[in-house]
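Subject: Structure for you to look at

Hello,

Please find the structure below, with notes on what turned up in it. Have it open while you read.

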Protein chains: 2
Amino acid sequence: MHIKKRKKETVLQELIAIITSNASDQEIREKLDDYHENDIAEALENLGEVERKRLYHIIGIEKVSEIFTFLDDVGMYLEELGPQKAAGIIENMDADDAVDALDEVDSVMRDQLIQYMTKEAKEDIELIRSYDENEIGSQMTTNYIEIGRDLSIRQAMKTLIEQAEENDNISTIYVKDDSDKFYGAIDLKDLICARDYVELESLISTSYPYVRAHEKIDDCIERLKDYAEDSIPVLDDADTLLGVITSQNIVEVVDDEMGEDYAKLAGLTAEEDLNETLLESMKKRLPWLVALLALGMFVSSVVGMFESVVSQIALIVSFQSLILDMAGNVGTQSLAVTIRVLMDERLTMKDKVELVWKEIRVGFTNGFILGILSFLCVGVYIYLLKGKTPIYAFSISGCVAVALIVAMTISSFVGTIIPMFFHKIKIDPAVASGPLITTVNDLVAVITYYGVAWLLLINVLQLT
Amino acid sequence: MHIKKRKKETVLQELIAIITSNASDQEIREKLDDYHENDIAEALENLGEVERKRLYHIIGIEKVSEIFTFLDDVGMYLEELGPQKAAGIIENMDADDAVDALDEVDSVMRDQLIQYMTKEAKEDIELIRSYDENEIGSQMTTNYIEIGRDLSIRQAMKTLIEQAEENDNISTIYVKDDSDKFYGAIDLKDLICARDYVELESLISTSYPYVRAHEKIDDCIERLKDYAEDSIPVLDDADTLLGVITSQNIVEVVDDEMGEDYAKLAGLTAEEDLNETLLESMKKRLPWLVALLALGMFVSSVVGMFESVVSQIALIVSFQSLILDMAGNVGTQSLAVTIRVLMDERLTMKDKVELVWKEIRVGFTNGFILGILSFLCVGVYIYLLKGKTPIYAFSISGCVAVALIVAMTISSFVGTIIPMFFHKIKIDPAVASGPLITTVNDLVAVITYYGVAWLLLINVLQLT
């Protein structure tokens, strides 16, 4: 079925036609009002510098500021304007967007830009920048509506309208008490629908959820998602409202956090994008690889101890990769499941024990099924293609099967317990677990496999 | 530093104390009004059935509906109430939450519940359920405000207040034209701040972004994130407004999509959670493992071809795991980077070629560094601990180094090109790439390593 999508290209062409037309400034301004800033930002990327500057002039600084928050390489467009104009644009952004924009220019330009800004904008930006990037305060915006608790409905509505000129996030109105501490929140819908004679107090949720600015993002992100609110207040330790986390902020944080976890599971120290240089990419990957190389050499020295087994029955080497890969695979599966489960803050000790026990059973059951499969397949393969006796063939495939079952069971256990351990000692399990699990599983698999082979094939059956 | 967090337990205890107190119904109702529904939902899980039912009676069906959308095991609580009452609760939910709740009960109960619902609620639910789970229509809510385009500001505000009783998502107001087609959107802020004499038309963004209900989530999720709006309209092919995607919906979708990709990268067919049975978990993992076992056997048979090399120099087997693991690791790194980059819809052919070229260079450079490291370490290890001559030791470590460089370069290439291929033929690259890449990389690594060993050690240096 053909789906009629919104033609991105059509919108883009319309926009470029409007911007480059000979219409009057006012006409252009009015037409552009109908389009989304994200679309205009994309059009901007398709214009020349002269056309862009003409456009900025037509639509005015506030609209330019909004559009600039949607640009992919905002740094480039800011530099094109010079520090004074650029500072004006950043000043008009929400403080969190301003912080993001400042991150896109070099440090010299950044200092210049901050100098040109009003005291108020500077303070907001410095507040957000004062938090570490893994603290929720670094993600908040200072764009919110705050009113006193002793207003009437009509006064509250009037104050809202005044503040709405400057602040976009109006769907929740925050209320402070007489000593400027956070008191509660009002749903805009309730305020709009309220009759004039109702007490404002009756609309305020005084036990509204909040987060502390210094809380780790990891610690509060699940809570932020659970409340499913348009905005959640961020307080300092003295209960003063500093900013809010909007649902757009949550989208960004979820996206970033998951992206990071995902990257870490794949053995990258951080997420990469298309525009990074070779050196940047190498920096993100090499630490992992060096660690894995060192651990891999340790595994190799253990394999080296079985040199005599290998030299007597060279055929068994063929199946080493099979057993190591399978152990690695089930270990990674358990790791991924455990990392996701550990995100839940409400997890009890009992849940953890249950998870470990379940993973062991899953590992054993899957190992058992795959063990039987490989006992048959490997045996038939050796018998038919390698021309050995059935006893010889099924002795070797028996070793493979036993090693698979043992290695997969232990790998599942290791893949669950190691991330739990790192989580307990407050080290990010997604980063630390990977190499350790790989190594432990390799060791378990190698020792099981060659151990069983040595015991069964050489000592018991004497198949040399 | 100690961070003063919001004590979840305190809130929970307060709530339980209020609910189980002897206060009058009205007092309890008023007190509970101050708390977030998510917190009340958690309290609910800590009450007995009798207390719960008493609470439902006190707070009324609308509040109960809201609270139920925050329950983890909503199915259990619905079943406790019997179909008629449960249907009433679901009816009052947003249609998307109602669909989620219905998914939590068994199919018999589900059919009963749907029977008891009003025609309107039934239609909304059936509309959302009519979309496939990977279509964006399945994620929308029918809870939105829609007005005609020829109203005055005052009339628009009045219509908004009327509809707001039923619909929570008021921050964007949708406008339809005379033939009931989607016409544009108004930011609530603009409506609230507008003077009475302004034309409504001037507030309407007529080129507001939208998605089509049948669009694949994968295809539009990046766009939805980019627009960073509180809600984006969902249209059918005749331009009629069917529902909206709120930023909460986007949070859920992003979370789900990333979770799925993450699970797939780890070799699970879908994300798992704590409450799944052994059988469900096995079903998600076994297909992958069986596929990997089959491919692993193929690799084993290739290793088997080098039996004669192995039997002559058993020591080289020790480093097989090292090379296979490292090839696997860089392949996974490239895979993860490529999958994330492919999410960008605006990717050009040139970007793709650049990515492949970059990955090859990263793979080669990292391989070169690790190759030199292992040439030295492995050589010294064999010389000192295995008591071989320096020439013998560094011949073997030379093989390891060459194989590492070649295998890591090719693995980076394979790890980039395979997901691109699957993306091109519209198969989810995260699902399909894993096993194929593992196998190809294992084969490359094995053939390179034993090939070099056979050529260099046995044929040239004759080190048997």
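How much area is buried between domain 2 of chain A and domain 3 of chain A, and what share of that area do carbon and sulfur atoms give? The area is about 840 Å², and carbon and sulfur atoms give 53% of it. Before going further, please keep in mind that this is a predicted model.

Domains of chain A

The domain assignment splits chain A into domain 1 (8-136), domain 2 (145-265) and domain 3 (278-460). Between domain 2 and domain 3 of chain A, the C-alpha centres are 49 Å apart. On the domain 2 side 9 residues are in contact, and they meet 11 residues of domain 3 of chain A. Three residues, A:Asp261, A:Lys264 and A:Leu265, account for 56% of the area that domain 2 of chain A buries against domain 3 of chain A, more than any other three residues.

What kinds of pairs cross this boundary? The count of salt bridges between domain 2 and domain 3 of chain A is 0. The number of residue pairs in polar contact across the same interface is also 0, where both residues must be at pLDDT 80 or more. On the domain 2 side, helix H13 (217-227) and helix H14 (247-265) of chain A each supply at least two of the residues that touch domain 3 of chain A. Of the elements on that side, H13(A) gives the most, with 5 residues. By class, the domain 2 residues that touch domain 3 of chain A are 3 nonpolar, no polar and 6 charged.

Chain A against chain B

The contact between the chains takes in 135 residues of chain A and 135 residues of chain B. About 11700 Å² is buried between chain A and chain B, and 61% of this comes from carbon and sulfur atoms. There are 6 salt bridges between the two chains. A:Asp255 makes a salt bridge with B:Lys225, and the closest N and O atoms of the pair are 3.0 Å apart. Polar contact joins 27 residue pairs across the interface of chain A and chain B, counting pairs with both residues at pLDDT 80 or more.

Which helix gives the most to the side of chain A that touches chain B? It is helix H15 (residues 278-304) of chain A, with 17 residues. That side of chain A consists of 64 nonpolar, 30 polar and 41 charged residues.

UniProt annotations

The unreviewed UniProt entry places "domain: CBS" at residues 140-202 and 204-260 of chain A. Residues 140-202 of chain A are 29% helix and 24% strand, with the end C-alpha atoms 28 Å apart. For residues 204-260 of chain A the figures are 44% helix and 23% strand, and the end C-alpha atoms lie 38 Å apart.

The unreviewed UniProt entry also has the annotation "transmembrane region" for residues 286-306, 326-343, 364-385, 391-422 and 443-461 of chain A. The chain over residues 286-306 of chain A is 90% helix and 0% strand, and its end C-alpha atoms are 30 Å apart. Residues 364-385 of chain A are 100% helix and 0% strand, with the end C-alpha atoms 30 Å apart.

Salt bridges in the whole structure

Over all chains, the search finds 34 salt bridges. One further pair to look up is A:Asp33 and A:Lys63, whose side chains meet in a salt bridge at 3.5 Å, N to O. This pair links distant parts of the chain, 30 residues apart. A:Asp33 sits in the loop between helix H2 (25-32) and helix H3 (37-44) of chain A, while A:Lys63 belongs to helix H5 (residues 61-68) of chain A.

Regards

Terms used: Residues are numbered from 1 along each chain as its sequence is written. Chains are lettered from A and ligands numbered from 1 in the order in which they are written. This is a predicted model: local features need pLDDT of at least 70, side-chain atom pairs count only at pLDDT 80 or more; totals for chains, interfaces and linings use all residues. Side-chain values use heavy atoms; hydrogens and water are left out. UniProt positions are given in the numbering used here, feature names are shortened, and annotations may be inferred rather than shown by experiment. Helices (H or I, at least four residues) and strands (E, at least two) are DSSP runs, numbered from the N terminus. Contact means heavy atoms within 4.5 Å. Buried area is the accessible area (1.4 Å probe) that two parts lose on being put together, summed over both. A salt bridge is a side-chain nitrogen of Lys or Arg within 4 Å of a carboxyl oxygen of Asp or Glu. A polar contact is a pair of N or O atoms within 3.5 Å; within protein, one must be able to donate a hydrogen and the other to accept it, and residues adjacent in sequence count only if both atoms are side-chain atoms. Ala, Val, Leu, Ile, Met, Phe, Trp, Tyr, Cys and Pro count as nonpolar, Asp, Glu, Lys and Arg as charged, and the others, Gly among them, as polar. Domain bounds come from an automatic or database domain assignment.
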